[in-house]
2 protein chains.
Amino acid sequence: MSSNLYLRDPQETELGRKILEVSIEMIDELGFEKFTFRKLAAKIESAEPSIYRYFENKHRLLVYLIAWYWNWLEYRIDFSTQNIAKPEKQLKIAIDVLTQKKEKDLLFPSIDEAALYRIVIAESDKTYLTKQVDDDNKEGLFLGFKSLCKKIAGYVRLVNPKYEFPHALVSTLMQMAHQQLFFSDHLPSLTEIGTTNENVYDMNRRFLTDMVFKTIDN
Amino acid sequence: MSSNLYLRDPQETELGRKILEVSIEMIDELGFEKFTFRKLAAKIESAEPSIYRYFENKHRLLVYLIAWYWNWLEYRIDFSTQNIAKPEKQLKIAIDVLTQKKEKDLLFPSIDEAALYRIVIAESDKTYLTKQVDDDNKEGLFLGFKSLCKKIAGYVRLVNPKYEFPHALVSTLMQMAHQQLFFSDHLPSLTEIGTTNENVYDMNRRFLTDMVFKTIDN
DNA sequence: TATTTTTGAAAGTAATACTATCATCACTAA
DNA sequence: TTAGTGATGATAGTATTACTTTCAAAAATA
């Protein structure tokens, strides 16, 4: 994780880990705009200034959580593809991991991955939809997303070296892996996903796998 | 336009039109979070409560502006496809209109379409990425987006009645028509668009036309 | 001219996003 | 053992935001 994401590394101290744990719970519950450091401090029985010693502001905390998620996903994709040689298979597995339902990873006891996944779906676009996006990008706050996009675009390039838009297609894939689930939950007329009795994760995987492979097939 | 979008119709009065005109200018310049009704009132030499008589809050004003944009686009697509019989051609034209650079439409003198387009690219997702999305949706605040999605999905269905995900594909298309431009501007490693000397609108159109037609081709 | 509607001016409120100051406590180094 | 350092928490304060209330004046309408 880029050290620009925090003032003091929250994984290193008891208080830091508590901040991560409870902020995930509270952002999931309240939504990002109603979540405040004051409420967080009250809930963990600490003080507002203590939290500001870890994160410059709540936007940075959100960026940290989303970056954590993308790092975690990249690690899972690396793990799942490690003994796979064929790029078609690697790409397929990457799409599987992207679209899978997310459950508790026992390696990280202070992170509730299921709640974090809901935050990613509902809030992650807010990390970059700001006027300071260019400054934040220069500081390397979005490396997690960009690195995973690059990796999967690499598989696309191996499947079809002639395809002209691997990064654009993969950023589309990564966005839609989450946005289609949001639509299915809240604006269901925008998607077929969730309208049959097939489970939403499987259907989303089928939709995206089909779209990606047909688009790059030659 | 759904009358739930406003308290008093802003198109009907001098002050209302001024609110639309100057809010577009200010949201474009400041970004949505730094834009306030107080600043708007100062700039148009009116008073804060006067603006609250037109829009419940600044979120509703943003939703109104984005809805206006989708209505305008649907009108332009209807106009451009009116004498076209072949659904392939209709779909192609819809993608063209979606991805076109947007310039002043003299029919609407108080709306700066180029500035509004930048707002759509940078801020439109914030209309629904809120905890009240379900209430807002019930009130019909997102009908503009949904109606256009339905129309274009209808073309998709005519091109290939067997394709399983027309709405999901079209919502993907509509989102990416804007998000790829944002990436090209601010996170260029996520897309090929803007990396050659081909103009971004043309390249985005090619990327999306290719993706959509390959995906639904049978 | 009378009346209703729309607007603007002024002030107020609760909450937010911080910041500053300071005492305390745990840990470490001499 | 003691002195010093760094992390924490308690308290309070500031500027700004997102509204709301009240009221008088101006404009539109009947």
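## Two protein chains and two DNA strands

The residues of the surface near DNA strand D comprise six nonpolar, four polar and eight charged ones. This surface belongs to a predicted model, and the description below begins with strand D before turning to DNA strand C, to the contact between the chains and to the salt bridges.

Around DNA strand D there are 18 residues, and the closest of them are A:R8, A:S46, B:R38, B:E48 and B:Y52. Both protein chains are represented in that list, with A:R8 and A:S46 from chain A and B:R38, B:E48 and B:Y52 from chain B. On the DNA side, sugar or phosphate makes up 53% of the atoms of strand D within 4 Å of the protein, and the rest belong to bases. Several individual approaches can be picked out here. In A:R8, a polar side-chain atom sits 2.8 Å from a phosphate oxygen of DNA strand D. A:Y54 also faces a phosphate oxygen of this strand, with a polar side-chain atom at 3.1 Å. A base is reached by A:R38, where an N or O atom of the side chain is 3.4 Å from a base oxygen of DNA strand D. Two or more residues of the surface near strand D come from each of α3 of chain A and α2 (37-43) and α3 of chain B. Among these elements, α3(B) gives the most, with three residues.

DNA strand C is surrounded by 17 residues, the closest being A:R38, A:E48, A:N57, B:S46 and B:R53. Of the atoms of strand C that come within 4 Å of the protein, sugar and phosphate account for 53%. Two side chains can be followed to the bases of this strand: a polar side-chain atom of A:E48 is 3.1 Å from a base nitrogen, and one of B:R53 is 2.8 Å from a base oxygen. The backbone of strand C is approached by B:Y54, which places an N or O atom of its side chain 3.0 Å from a phosphate oxygen. At least two residues of the surface near strand C are supplied by each of α2 (37-43) and α3 (48-52) of chain A and α3 (48-52) of chain B. The largest share, three residues, comes from α3(A). By residue class, this surface holds six nonpolar, four polar and seven charged residues.

The two protein chains also meet each other. Their contact takes 48 residues from chain A and 48 residues from chain B. Together the chains bury about 4200 Å², with 61% of that area on carbon and sulfur atoms. B:L129, B:F165 and B:E192 supply 16% of the area that chain B buries against chain A, more than any other three residues.

Polar interactions are part of this contact as well. Between chain B and chain A, 28 residue pairs are in polar contact, with both residues at pLDDT 80 or more. On chain B, the side that touches chain A receives at least two residues from each of α1 (14-30), α6 (113-123), α7 (133-138), α8 (143-159), α9 (166-186) and α10 (200-216). The helix that gives the most to this side is α9(B), with 14 residues. In terms of residue class, the side of chain B that touches chain A consists of 22 nonpolar, twelve polar and 14 charged residues.

How are the two chains related in space? A turn of 180° with a shift of 0.0 Å along the axis lays chain B on chain A with an RMSD of 0.0 Å. The two copies are therefore related as by a two-fold rotation axis. The interface agrees with this picture: 100% of the interface residues of chain B are also interface residues in chain A, so the copies meet through the same surface.

Salt bridges complete the description. Over all chains the structure holds 34 salt bridges, and two of them are found across the interface of chain B and chain A. One salt bridge between the chains joins B:R206 to A:E164, where the closest N and O atoms are 2.7 Å apart. Within chain B, B:K43 forms a salt bridge with B:E25, the closest N and O atoms lying 3.6 Å apart. This pair links distant parts of the chain, as B:K43 is in helix α2 and B:E25 in helix α1, 18 residues apart.

Definitions and conventions: Residues numbered from 1 in each chain as written. Chains lettered and ligands numbered in written order. Predicted model: local features only at pLDDT ≥ 70, side-chain atom pairs only at ≥ 80, totals over all residues. Heavy atoms only, no water. Contact = heavy atoms within 4.5 Å. Buried area = accessible area lost by both parts, 1.4 Å probe. Salt bridge = Lys/Arg side-chain N within 4 Å of Asp/Glu carboxyl O. Polar contact = N/O pair within 3.5 Å; in protein donor to acceptor, adjacent residues only side chain to side chain. Helix = DSSP H or I, 4+ residues; strand = E, 2+ residues; numbered from the N terminus. Nonpolar A, V, L, I, M, F, W, Y, C, P; charged D, E, K, R; others polar. Near = heavy atom within 4 Å. Least-squares fit on C-alpha atoms with pLDDT ≥ 70 in both.
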